[in-house]
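Trainee: I would like a close look at a single part of this model. Please take me through it step by step.

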Amino acid sequence: MVKEDRKELVKKRVKVLLITFTINLAVSSSKIATGLLTGLLNLTADGIHSFGDSISNVIAMIGIWLGERSPNKKFPYGYFKAEAFATLAISFLMLIPFFL
């Protein structure tokens with residue numbers, strides 16, 4: 001893949017993640033506020049769950065940002081594995097409610 005094509009793909013991925021993050025944040029805030037105002041615990045819990053989706057979007061954006069860093073002496077092949085580690089971090093984030 002040509003480097004310019006990869007940069008365009010990364011821009012599109014980040015744009016989609018930013019839009020999704022904004023929507024998730026708005027939805028989670030409204031669910032939490034409505035749940036607290038009405039006293040519905042299930043709606044508040046769903047809002048907290050939606051907020052977790054927003055956190056996973058941030059982790060994905062960080063992984064993409066790190067993955068696009070240029071190679072250097074410490075990492076001569078680049079930081080492409082950062083995206084895989086971000087995916088692993090998101091999967092661990094999804095496991096947290098299982099243990100609570």
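Trainee: Is aspartate 46 buried, exposed or partly exposed, and what is its relative accessibility? Please start there and go on to the helix around it.

Mentor: Keep in mind that this is a predicted model. Aspartate 46 counts as partly exposed, at 31% relative accessibility. That value lies between the cut-offs, because buried means under 20% and exposed means over 50%.

Aspartate 46 forms a salt bridge with lysine 31, and the closest N and O atoms are 2.6 Å apart. Aspartate 46 lies in helix H2 and lysine 31 in helix H1, so this pair ties together parts that are 15 residues apart in sequence. Lysine 31 is partly exposed as well, with a relative accessible area of 22%. As a general point, side chains of opposite charge can pair when their charged atoms come close.

Now the helix itself. H2 runs over residues 41-67, which makes 27 residues. From its first C-alpha to its last, H2 reaches 39 Å, close to the 39 Å expected at 1.5 Å a residue. The buried residues of H2 include Thr44, Gly47, Ser50, Ser54 and Asn57. Further along, Ala60, Met61, Gly63, Ile64 and Gly67 are also buried. In general, an α-helix has 3.6 residues a turn, so residues three or four places apart point the same way.

What do these buried positions meet? Asparagine 24, which lies in helix H1, is in contact with Ser50, Asp53, Ser54 and Asn57, leaving aside its neighbours within four places in sequence. Asparagine 24 itself counts as buried, at 17% relative accessibility. Leucine 17 touches Asn57, Ala60, Met61 and Ile64, not counting residues up to four places away in sequence. Asn57 therefore appears in both contact lists, that of asparagine 24 and that of leucine 17, where contact means heavy atoms within 4.5 Å.

Leucine 17 also belongs to the largest nonpolar core, which has six residues: Val10, Leu17, Ala60, Met61, Ile64 and Ile90. Helix H1 (3-38) and H2 each supply at least two residues of this core. H2 gives the most, with three residues. As a general rule, nonpolar side chains tend to be buried together in soluble globular proteins.

For context, the link between lysine 31 and aspartate 46 is one of three salt bridges found in the whole structure. Another joins glutamate 83 and arginine 13, with the closest N and O atoms 3.1 Å apart. Glutamate 83 lies in helix H3 (residues 81-99) and arginine 13 in helix H1, so that pair ties together parts that are 70 residues apart in sequence. Glutamate 83 counts as buried at 17% relative accessibility, whereas arginine 13 is partly exposed at 29%. There is also a salt bridge between the side chains of lysine 11 and glutamate 8, at 4.0 Å from N to O. Both of these residues lie in helix H1, three residues apart, about one turn of the helix. Lysine 11 is exposed, with a relative accessible area of 56%, and glutamate 8 is partly exposed at 44%.

To return to your residue: aspartate 46 is partly exposed, and its salt-bridge partner is lysine 31.

Definitions and conventions: Residues numbered from 1 in each chain as written. Predicted model: local features only at pLDDT ≥ 70, side-chain atom pairs only at ≥ 80, totals over all residues. Heavy atoms only, no water. Helix = DSSP H or I, 4+ residues; strand = E, 2+ residues; numbered from the N terminus. Expected span 1.5 Å × (residues − 1). Buried < 20%, exposed > 50% of the residue type's maximum accessible area, 1.4 Å probe, protein only. Core = buried A, V, L, I, M, F, W, Y, C linked by side-chain atoms within 4.5 Å.
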